[in-house]
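Open the model in your viewer and keep the sequence panel beside it. We will go from stop to stop, with something to select at each one.

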Amino acid sequence: MGNSSRDDSATDGDASSGGGGDAPKPSNSSLYSEGEKILAYHGPRIYEAKVQKAEIRKNEWRYFVHYLGWNKNWDEWVGVDRILKYTEENIMKQQALDKKQGVDKNTKSGRSAHTKPKSSADAKAEKEDQKNNVAKGKKRKNDSGTEKESVNLEKLVKIQIPVSLRKQLVEDWEFVCEQDKLVNLPRSPTVDDILQKYLDYRTKKDGKLTDPVGEVLKGIRCYFDKALPLILLYKKERKQYHETVVGDVSPSTIYGAEHLLRLFVKLPELLAYVNIEEETLTRLQQQLIDLLKFLQKNQSTFFLSAYDGSKSVDGKGKGKNE
């Protein structure tokens with residue numbers, strides 16, 4: 001599940017465009033050469049990358065890029081609107097985006113709102129990626145943490161997010177941050193509804209209600225309710241949250257699959273701080289992956305295909321930096 005086919009990589013690149021602007025008409029000479037170190041947009045941030053291939057597709061130049069420090073599973077085809085020259089000016093632009101996202105200025109930026117380790121830890125982390133096919137978006141060090149609080153890579157739960165759900169995450173970001181649209185709340189089905197549907201599905205499949213599955217779902221609901229206002233919302237969604245979640249209302253009874261999926265990006269790092277035995281951790285990983293498969297199987301009914309553009313959001317204009 002961690003490997004996406006090269007045939008649909010171009011579609012991935014289109015869906016996750018973060019640079020904005022229209023691509024120039026192709027000329028006989030490419031703007032970027034194979035082997036060139038570049039900066040590339042992915043979601044709301046810019047990352048160091050390297051051009052692996054360059055060719056004209058559908059009358060425009062397309063580039064197959066590798067994100068430096070990340071597993072090759074995340075290599076993808078992107079257009080010129082996603083790429084910047086590796087210059088001092090653009091590096092400053094990258095750092096400005098990281099600062100706006102609240103990333104520690106002393107760490108390198110990581111994908112999907114996460115950071116990578118710095119200095120000597122980089123090589124070790126990259127090796128770990130290649131060995132374990134690390135899930136997209138997983139960070140290896142707490143954004144606000146110090147060196148002493150650095151996550152133990154060996155303890156990280158590996159959660160492989162299916163390709164179609166990774167595209168869902170990118171589209172989710174684009175709706176909110178690029179198009180100033182919000183999920184219309186309350187959602188139906190809610191997070192609680194989805195977890196109950198999954199419990200019913202597992203009970204029917206296993207022929208009985210198993211305690212481990214029930215406990216995992218309770219834990220996910222608890223993590224979601226606590227994590228949503230802290231780390232799962234984009235800046236433009238905070239006003240809506242404060243207007244909607246009032247009193248003793250639980251976010252899991254208001255929000256739906258879109259925000260639940262964001263939790264899976266954060267779970268590996270969150271669970272790294274929990275004292276769990278290795279055998280239990282392995283079972284937990286399997287159950288989380290099974291739940292993701294359930295989300296994928298019901299993707300067309302659980303997730304919105306379009307967000308509400310009439311809702312007011314925090315901030316003005318384009319939000320690719322949010």
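A residue is called buried under 20% relative accessible area and exposed over 50%, with partly exposed in between. Keep that scale in mind, because I56 has 44% relative accessibility and therefore counts as partly exposed. Please also note that this is a predicted model.

**The whole chain**

Start with a cartoon view of everything. The protein chain has 10 helices and 5 strands. Of its 322 residues, 51% count as buried. Now switch on a surface: the accessible area comes to about 15,800 Å², and carbon and sulfur atoms contribute 48% of that. Among contacts with a separation of 6 or more, 73% join residues 24 or more positions apart in the chain.

**The sheet**

Next, colour the strands. They make an open sheet of 5 strands in the order 4-3-2-1-5, with antiparallel pairing. Which strands stand at the edges? Select 76–79 for strand 4 and 83–85 for strand 5: each has a single partner strand, so one side of each is left without a neighbour in the sheet. Look along the sheet and you can follow its twist, which averages 50° from one strand to the next.

Strands of a sheet pair through backbone hydrogen bonds. To go through the pairs in this sheet, try these selections:

- Residues 37–42 and 45–57 are strand 1 and strand 2, paired in the antiparallel sense over 6 bridges. Here L39 stands opposite E48 of strand 2.
- Add residues 60–67, which are strand 3. Strand 2 and strand 3 run antiparallel and are joined by 8 bridges. One place to look is E55, whose bridge partner in strand 3 is R62.
- Bring back strand 4, which pairs with strand 3 in the antiparallel sense over 4 bridges. F64 has W77 of strand 4 as its bridge partner.

While strand 3 is selected, turn on its surface colouring: 7 of its 8 residues are buried. Then show helix 2, residues 88–100, which lies across strand 1, strand 2 and strand 5 and runs at about 125° to strand 2.

Before leaving strand 2, pick I56, which lies in that strand. Its C-alpha atom is 8.8 Å from that of S30, although the two residues are 26 apart along the chain.

**Charges over rings**

Keep F64 and W77 on screen and add two basic side chains. The charged end of K53 sits over the ring of F64, 5.7 Å from the ring centre. R57 lies over the face of W77, at 3.9 Å from the ring centre.

**The turn between strand 2 and strand 3**

Zoom in on K58 and N59. Most residues other than glycine have a negative phi. What is the phi of K58? The value is near 50°, positive in a residue other than glycine. K58 belongs to the hairpin of strand 2 and strand 3, which has 2 residues between the strands. N59, found in the loop between strand 2 and strand 3, also has a positive phi, of about 70°. Is K58 buried or exposed? Its relative accessible area is 84%, so K58 is exposed. N59 counts as exposed because its relative accessibility is 59%.

**Two cis prolines**

Now jump to the loop between helix 4 (163–178) and helix 5, where P186 is found. Most peptide bonds are trans. The bond from L185 to P186, however, is cis, with omega near -5°. Move on to P189, which has its place in the loop between helix 4 and helix 5. The peptide bond from S188 to P189 is cis, with omega near 5°.

**An aromatic cluster**

For the last stop, show aromatic side chains as sticks. The structure has 9 aromatic pairs. One of them is Y198 with Y201, a tilted pair with 6.0 Å from centre to centre and 40° between the planes. Both tyrosines lie in helix 5 (residues 191–206), 3 residues apart, about one turn of the helix. Y198 has 2% relative accessibility and so counts as buried, whereas Y201, at 27%, counts as partly exposed. Add F294 and F302 to the selection, and you have one aromatic cluster formed by Y198, Y201, F294 and F302.

Technical notes: Residues are numbered from 1 along each chain as its sequence is written. This is a predicted model: local features need pLDDT of at least 70, side-chain atom pairs count only at pLDDT 80 or more; totals for chains, interfaces and linings use all residues. Side-chain values use heavy atoms; hydrogens and water are left out. Buried means under 20% relative accessible area, exposed over 50%, partly exposed in between (1.4 Å probe, protein chains only). Contact means heavy atoms within 4.5 Å. Accessible areas come from the Shrake-Rupley method with a 1.4 Å probe; for residues, only the protein chains shown count as cover. Rings of Phe, Tyr and Trp (its six-membered ring) pair if their centres lie within 6.5 Å; planes under 30 degrees apart count as stacked, over 60 as edge-to-face and the rest as tilted. A charge sits over a ring if NZ of Lys or CZ of Arg is within 6 Å of the ring centre and within 35 degrees of the ring normal. Two strands pair if DSSP finds at least two bridges between them. Axes are lines fitted to C-alpha atoms, for helices over the stretch in contact, and angles run from 0 to 180 degrees between N-to-C directions.
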